[in-house]
Amino acid sequence: MIGLIARRLLQLPLILGVIYTLTLWLAWGIPGNPLENPEGRQPPPEVIEAMQAQYNLDSFGSFYGSYLASATGVTWLSEELSGEAARRAQEAADAGVAAPRRYVFDLGPSLQYRDIRVNTIITDAMPVSITLGLAAMLIAVVVGVSAGVIGAIRPNGLADVSTLILALIGISLPNFVIGTILLIVLGIWIPIIPIVGWGTIAAIPVPAITLSLPFAAYIARLTRLGMLEHLSSDFIRTARAKGASETRVIIRHALKNAFLPVLSYLGPATAFAMTGSFVVERVFSVPGIGQHFVNAVQNKDLFLIMGVVLIFATMLILFNLAVDVLYRWVDPRIE
Amino acid sequence: MLRVLLPVLLLAVGLVLSVVSERPLPRADLVVNNGSDISTLDLQRMSWSMDLRGARVLFEGLVANDQFTWGFDIKPGVAERWELSDDALTYTFHLRENALWSNGEPLTAHDFVFSWRRALLPDLAADYVALFQLIDGSVEFYDWRTEALAEFADNWSGSDDAAARAQAARELWALTETKFDDMVGVHALDDRTLEVRVVRPVPYFLDLCAFATFFPVYPPLVSQYDQLDTKTGRMIAEAGWTKPPELVSNGPFRLTRWRFKRDMRFEKNEHWWNADSVAIDSMSLVSISDPNAQVLAFQTGAVEFLADVTAAYRREMYAKKRSFYDEHRSEYESLLAQGYDQYEIDRNLPDDPRKHAHFVPAFGTYWYNFNCKPKLPDGRPNPFADARVRRAFAMTIDKKAIVEEVRGFGEPTANTLIPRDSIGGYTSPKGLKCLSDAATEAERQAIATEARALLAEAGYPDPSQFITVELLFNKDSGHDLIGQAIAKNWNKYLGVPTRLMQREIKVFRDDLKNTNFMTSRAGWYGDYGDPTTFLDLSRKDDGNNDRKYHTAEFEGLLDEANLETDPARRMALLSRAETIIMERDLPMVPLFHYVHTYMFDASKLGGPNAHPRTKQWMGGFDILGDGKGPDVAPAMPLRPIVQSLGRLDGAAP
């Protein structure tokens with residue numbers, strides 16, 4: 001087990017390196033100059049030129065290298081070792097103000113929002129998205145697994161058909177339709193929830209439900225399929241013959257096995273739920289990270305694109321690892 | 001069983017942890033939506049209205065506008081008094097003794113010198129650098145530094161000697177500081193006296209000093225972040241200092257939390273000299289970017305003030321407000337006739353959700369440009385080079401139909417470039433008549449006949465033989481609908497063929513800059529309270545003279561006004577200049593003045609002003625009836641006559 005974790009963690013920088021290279025190569029090709037703002041006032045050309053030099057935007061090679069150095073902590077380390085960091089801290093102390101903040105893994109400035117660094121954007125938005133994503137996955141697992149089990153007990157019965165239809169709706173109806181309906185019903189007609197903004201516990205459930213629906217529907221389908229397969233297998237017949245109660249048969253024997261595909265789906269699903277909720281964020285004005293994925297590309301905000309992609313990739317890899325660890329624990333047959 | 005439940009448990013534990021780690025603050029006294037999030041609080045580099053609005057809450061300039069006067073009069077700020085020399089060129093500001101930074105340190109005249117020097121560095125590319133260039137010697141300093149940087153780049157571009165280059169960069173910076181003191185007319189005579197010399201009499205200079213880019217930043221803090229780039233010799237402004245807890249400010253509030261694209265938290269700044277006048281202890285600026293969700297947030301009580309409503313159903317909101325006034329017609333008319341401003345009228349009318357949307361005529365104008373160059377981009381002779389042709393086209397636009405049918409939120413139709421009554425002491429010209437001035441179809445035909453006669457006089461007796469007139473506009477924001485309406489007018493009343501040219505914003509901008517158009521849509525919001533903020537746009541060398549209009553007479557009047565020290569005579573000269581471009585030459589035809597939409601309950605919130613400058617000072621907001629502050633909403637003084645400002649239908653008095 002520890003070997004697996006160690007191996008995967010060692011692979012992590014390698015995979016991230018490949019993703020970094022590919023993404024940067026693609027993002028670099030987006031037409032347009034990120035320093036030119038189509039709506040705002042234009043800085044003079046010599047200033048654009050100087051900014052390009054400052055951010056190493058004038059050559060792919062130098063940007064590739066300098067970003068890698070600052071994002072991996074090399075720049076930070078070299079500033080620590082060379083005494084540059086200590087010098088600036090002393091300077092600030094002499095002036096009686098706080099020294100400029102330094103990040104070990106510095107993801108650079110946002111080219112679009114002059115005051116904001118990518119690290120700040122991620123640390124401000126990520127907790128919101130994590131909360132929303134976790135709530136959504138919790139709902140999705142509980143609702144999805146229950147619906148799948150209920151459906152599998154009497155295939156093609158009323159309960160099965162209704163959960164099937166609901167699942168179909170959950171998968172095929174886009175988030176913004178469900179979200180808007182919930183918003184109108186729960187926010188305006190029966191105003192029981194704060195419909196915009198974030199920050200109270202009451203604000204969590206409705207966006208979380210909206211976000212959870214497609215995941216719940218998929219989990220329900222997975223569970224039902226697995227349950228049907230196992231309920232007709234030999235070990236279930238044996239369990240029933242031994243006189244085990246039906247509840248015990250379903251939960252202890254069938255569900256335990258039917259849950260495995262759900263578990264492997266949970267890894268990437270959680271990563272997606274925590275990062276890919278642009279539509280839900282937009283409908284309910286949730287200040288999460290999803291908006292930055294879209295805005296970054298639209299504005300060709302190179303630093304932000306790289307920042308959010310790297311964060312997403314890291315999460316995806318870590319959740320998959322977590323699922324693999326859980327998997328072995330749930331099903332010891334797997335080596 | 002546990003094995004199946006474990007993932008669920010893990011999710012649940014994670015959720016609880018993430019909820020607990022969120023440390024909610026109690027709701028602020030006042031919650032405001034400021035449009036989308038602030039993009040910078042670096043005063044010298046800002047230009048967006050939401051940034052400026054936020055800056056006015058945190059910082060204070062030498063002087064401030066008294067927002068509850070129709071002239072937007074100047075009142076003391078950091079400076080308790082000031083003198084202007086007899087030649088109207090030298091201002092001496094006396095800073096108040098109790099002017100402090102939010103960390104308790106004294107604010108000095110040197111801080112202004114430091115801040116204004118930042119604005120004048122080409123390195124920082126300040127959006128509003130042109131405003132600072134009214135200061136004596138500033139253009140020379142800017143050019144000198146630009147040249148010195150270019151020279152530095154030339155000298156050191158091939159060099160590998162980093163140490164020598166860094167040394168040269170530091171020397172250049174030291175020289176820049178000396179040069180600034182020698183060349184530029186901004187000097188701290190002592191800690192509490194600031195002397196500013198301007199290039200020519202600038203009657204609106206104090207108004208500029210009340211503009212956020214002229215506010216001071218805290219030098220000890222900012223100099224930690226403005227770092228010299230030893231490779232290029234440039235000063236690089238890092239904006240890390242604009243975040244709490246680092247940020248040090250000098251206004252009514254201090255910034256205690258800023259979560260990007262989420263919210264900003266302001267707490268009353270006890271070190272502000274006038275802290276006793278602040279009626280709220282805490283304010284939160286939330287960042288709800290979706291225009292419809294903003295309105296929803298207001299309607300459900302999550303937000304008390306919307307600074308800029310752009311929701312798709314603004315039209316319906318306007319119609320509802322009109323119907324509300326219709327139901328209280330007699331009261332409304334009588335309050336209006338007495339000269340009350342819009343909010344006071346609303347306070348005096350019964351409670352109703354329809355009345356919370358406020359449509360305030362703004363300090364901006366929407367117009368159509370005419371290309372005034374002798375030749376069109378394709379080399380053909382340009383008929384619009386002739387002012388008679390431009391007048392004919394300007395007359396045959398039904399502005400009222402555009403405002404009422406296409407727009408629908410009560411913009412006043414415009415016959416002048418500068419919104420009427422928006423600048424104290426300035427009398428607007430009458431402007432050129434147009435189709436909307438006609439009451440009947442017969443009158444409209446008469447105007448059309450007059451316009452066709454102008455065309456004939458200019459050498460185009462048969463309008464159907466006129467070149468196809470192109471209308472250039474960018475996508476979005478309903479510009480296409482306005483373009484269609486104008487084209488229809490010109491088809492019908494002049495009989496000329498037209499073509500609509502819709503372009504992406506970037507292409508549109510390029511076409512404008514290259515005069516690659518015949519007629520095009522345009523607009524402008526004034527930056528400061530003086531007619532020149534609009535009139536300078538038609539100066540020959542102005543960067544925004546996309547029309548390439550140029551006459552010696554207009555230019556001469558503006559030059560004469562620049563030298564005139566008597567305010568009334570100066571305003572008269574400027575009025576004559578506007579008359580030339582609005583009645584005779586028409587390089588552009590104004591269609592309507594913008595309307596700004598706020599949303600708040602006037603009976604619960606005091607402090608927003610109804611002035612067309614649409615410059616809100618949230619430091620003066622007061623929740624009415626909460627026992628804090630005066631709990632009486634400040635109001636505009638009664639106007640002696642019914643003015644167009646208060647009227648929703650935009651009708652002239």
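Colleague: How much of chain A counts as buried?
Modeller: Of the 335 residues in chain A, 38% count as buried, and please keep in mind that this is a predicted model.

Colleague: And what is chain A built from, how many helices and how many strands?
Modeller: Chain A has 14 helices and zero strands, and its C-alpha atoms fill a box of roughly 80 × 55 × 40 Å along the principal axes. If you take the contacts in chain A between residues at least 6 apart in sequence, 73% of them join residues at least 24 apart.

Colleague: Which domains does chain A have?
Modeller: The domain assignment gives domain 1, covering 2–94, and domain 2, covering 118–330, and the centres of these two domains of chain A, taken over C-alpha atoms, are separated by 34 Å. Their contact involves 15 residues from domain 1 of chain A and 14 residues from domain 2 of chain A.

Colleague: Which helix gives the most to the domain 1 side of that contact?
Modeller: That is helix 1 of chain A, residues 2–28, which gives 11 residues to the side of domain 1 that touches domain 2. By class, this side of domain 1 of chain A divides into 12 nonpolar residues, two polar and one charged.

Colleague: Switching to the two chains together, how many residues does each bring to the contact?
Modeller: Chain A brings 57 residues and chain B brings 52 residues. On the side of chain A that touches chain B, at least two residues each come from helix 2 (45–54), helix 5 (84–95), helix 6 (118–153), helix 11 (246–275) and helix 14 (302–330) of chain A, and the largest share, 13 residues, comes from helix 6 of chain A.

Colleague: How does that side of chain A divide into nonpolar, polar and charged?
Modeller: The side of chain A that touches chain B has 38 nonpolar residues, 10 polar and nine charged.

Colleague: Now chain B, how is that one divided into domains?
Modeller: Domain 1 of chain B is made of 2–37 + 247–353 + 596–645, while domain 2 covers 60–242 and domain 3 covers 362–594. Between domain 1 and domain 2 of chain B, the centres taken over C-alpha atoms are separated by 33 Å, and 19 residues of domain 1 of chain B are in contact with 22 residues of domain 2 of chain B. The domain 1 side of that contact in chain B has eight nonpolar, seven polar and four charged residues.

Colleague: There is an open sheet of four strands in chain B; what is the order?
Modeller: The order is 4-5-7-6 in chain B, with antiparallel pairing. Strand 4 (79–84) and strand 6 (186–190) of chain B stand at the edges with a single partner strand each, so one side of each has no neighbour in the sheet.

Colleague: How many bridges join strand 6 to strand 7?
Modeller: Four bridges join strand 6 of chain B to strand 7 of chain B, residues 193–197, and one pair of bridge partners is B:H187 with B:E195 in strand 7. Helix 3 of chain B, residues 109–119, lies across strand 5 (90–95), strand 6 and strand 7 of chain B, and runs at about 165 degrees to strand 6 of chain B.

Colleague: Last one, B:A312: buried or exposed, and why?
Modeller: B:A312 is exposed, because there are 9 other C-beta atoms within 10 Å, and exposed here means 12 or fewer. B:A312 lies in the loop between strand 13 (305–306) and helix 10 (314–327) of chain B. Leaving out residues up to four places away in sequence, B:A312 touches B:P291 and B:N292, and the C-alpha atoms of B:A312 and B:N292 are separated by 7.0 Å.

Notes:
Residues numbered from 1 in each chain as written. Chains lettered and ligands numbered in written order. Predicted model: local features only at pLDDT ≥ 70, side-chain atom pairs only at ≥ 80, totals over all residues. Contact = placed C-beta atoms within 7 Å. Nonpolar A, V, L, I, M, F, W, Y, C, P; charged D, E, K, R; others polar. Domains from an automatic or database assignment. Buried ≥ 20, exposed ≤ 12 C-beta atoms within 10 Å, placed from the backbone. Pairing = 2+ DSSP bridges. Axes fitted to C-alpha atoms, helices over the stretch in contact; angles between N-to-C directions.
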